[in-house]
Amino acid sequence: MAKRALITGITGQDGSYLAEHLLSEGYEVWGLVRGQANPRVSRLRRLLGDVRLVRGDLLDQGSLISAVERVRPDEVYNLGAISFVPMSWEQAELTAEVTGMGVLRMLEAIRVISGAGSIRFYQASSSEMFGQVRETPQTEITPFHPRSPYGVAKAYGHFLTQNYRESYGMFAVSGILFNHESPRRGAEFVTRKVTLGVARIKLGLAGELRLGNLEARRDWGFAGDYVRAMHLMLTADKPEDYVIGTGRTQSVRELIEAAFTAAGLTWQDYVVVDQALHRPAEVDLLCADPKKARAQLGWEPTVPFEDLIAMMVESDLRLLSDGGDPDQDSSWP
Ligand code: NDP
Ligand code: GDR
């Protein structure tokens, strides 16, 4: 019989790639979707007609118990979150509830339905937990010093996942994933903001691109590679946490340069630094040490940074040339 997976956050970037990957592996894939008429569901349906949907919300314990009871999954991937870091200062309590307490609610739903039993659990932990880093590159044992309410909420979910593994013997793991991007990345995140901005400028639809801190450095990889790592972690022999990243780091300035160059433009002619886009507390530098994932899971990233950015610029040029609207449902390639 096909294995069954339940994905929270299926309407997001990673949810779509993970669903595609699990379908290709022969899984029956279920997605938890929230709201009465979530506009992102039609986009998901268009892309992945084979996904089944169950209603639920990480804010609603009963809905998660009902979803787990109905789907009876072999694997649960908890990707649902308020995931945009600046929003976590504006709505800190909501972020704590969804991104932090949501993990508790999902773990409890699994515990109530299956005990320490057969359901495996993946938590989408984040390099944002490292925050103000004390060592570079970061490994599974680098201490956390989160710099945003989002990072704090993720640290709670991370420790709770470890705790349920230790307390109840659950197969519960966290993937500490570094930034990963794609043509399906939300338009608010810096890579997509830049590649959309470049495409608009190239097509004469905009004359400038306003950005915040250009000196921050991130370890950027391709989302399609990272969802493979999630699946590998959840199907490993032993439940363990892993750092997933490329081991390379670039600044926002280098990202901008790569994107404008890919479109044959000079970034200095268009980029405006806007102090209003700086964060109350910044994460200056992130760089993964993915040695453990390579050694134990055989995981490797396949898309270099420059190719990733070129892929996103090309996709956004195509989208806008075809009259597509990145804020609308139909925008995913
Ligand atoms: P997205 O922002 O694209 O997707 C977030 C998802 O969470 C959406 O499907 C959204 O659904 C869902 N969601 C929001 N609120 C709730 C709620 N109350 N109940 C249920 N679902 C909810 O994120 P990504 O795909 O980029 O990331 C996936 C996960 O991985 C997130 O947890 C993120 O924090 C984490 N992460 C991401 C990294 C990255 O670089 N992309 C790196 C490290 C961790 P809706 O359509 O209802 O809004
Ligand atoms: P991040 O990603 O905060 O690392 O979280 P984001 O792309 O938002 O920012 C990366 C860096 O770029 C700087 N920056 C800007 N960022 C945005 N969004 N908009 C701008 O105009 C801008 N100008 C400069 C930021 O200051 C920051 O340093 C992402 C999310 O996907 C999280 O959910 C995930 O956990 C982490 O990656 C790993």
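**Two ligands, two domains and a helix pair**

Reader: How many residues of each class, nonpolar, polar and charged, has the shell around ligand 2?
Author: Ala, Val, Leu, Ile, Met, Phe, Trp, Tyr, Cys and Pro count as nonpolar, Asp, Glu, Lys and Arg as charged, and the others, Gly among them, as polar. Sorted by class, the shell around ligand 2 comes to nine nonpolar, six polar and six charged residues.

Reader: What kind of model is this?
Author: Residues are numbered from 1 along each chain as its sequence is written, while chains are lettered from A and ligands numbered from 1 in the order in which they are written. Local features need pLDDT of at least 70, side-chain atom pairs count only at pLDDT 80 or more, and totals for chains, interfaces and linings use all residues, since the model is predicted.

Reader: Which residues are closest to ligand 2?
Author: A residue is near a molecule or strand if its C-beta atom, placed from the backbone, lies within 6 Å of it. Ligand 2 is surrounded by 21 residues, and the closest are Ser-83, Ser-126, Val-190, Gly-212 and Ala-216.

Reader: From which domains does the shell around ligand 2 draw at least three residues each?
Author: The bounds come from an automatic or database domain assignment. At least three residues of the shell around ligand 2 come from each of domain 1 (4–180 + 220–244) and domain 2 (186–219 + 249–285 + 303–323).

Reader: How many residues does the contact take from domain 1 and from domain 2?
Author: The C-alpha centres of domain 1 and domain 2 lie 27 Å apart. Two residues are in contact if their C-beta atoms, placed from the backbone, lie within 7 Å. The contact takes 16 residues from domain 1, and from domain 2 it takes 15.

Reader: Which element gives the most to the shell around ligand 1?
Author: Helices (H or I, at least four residues) and strands (E, at least two) are DSSP runs, numbered from the N terminus. Both α1 (13–24) and β5 (120–126) supply at least two residues of the shell around ligand 1. With three residues, the element that gives the most is α1.

Reader: Are α7 and α9 roughly parallel or roughly antiparallel?
Author: Axes are lines fitted to C-alpha atoms, for helices over the stretch in contact, and angles run from 0 to 180 degrees between N-to-C directions. The axes of α7 (residues 190–202) and α9 (residues 252–262) come within 10 Å and cross at roughly 30 degrees. Angles under 35 degrees count as roughly parallel, over 145 as roughly antiparallel, 65 to 115 as roughly perpendicular and the rest as oblique. The two helices, α7 and α9, are therefore roughly parallel.
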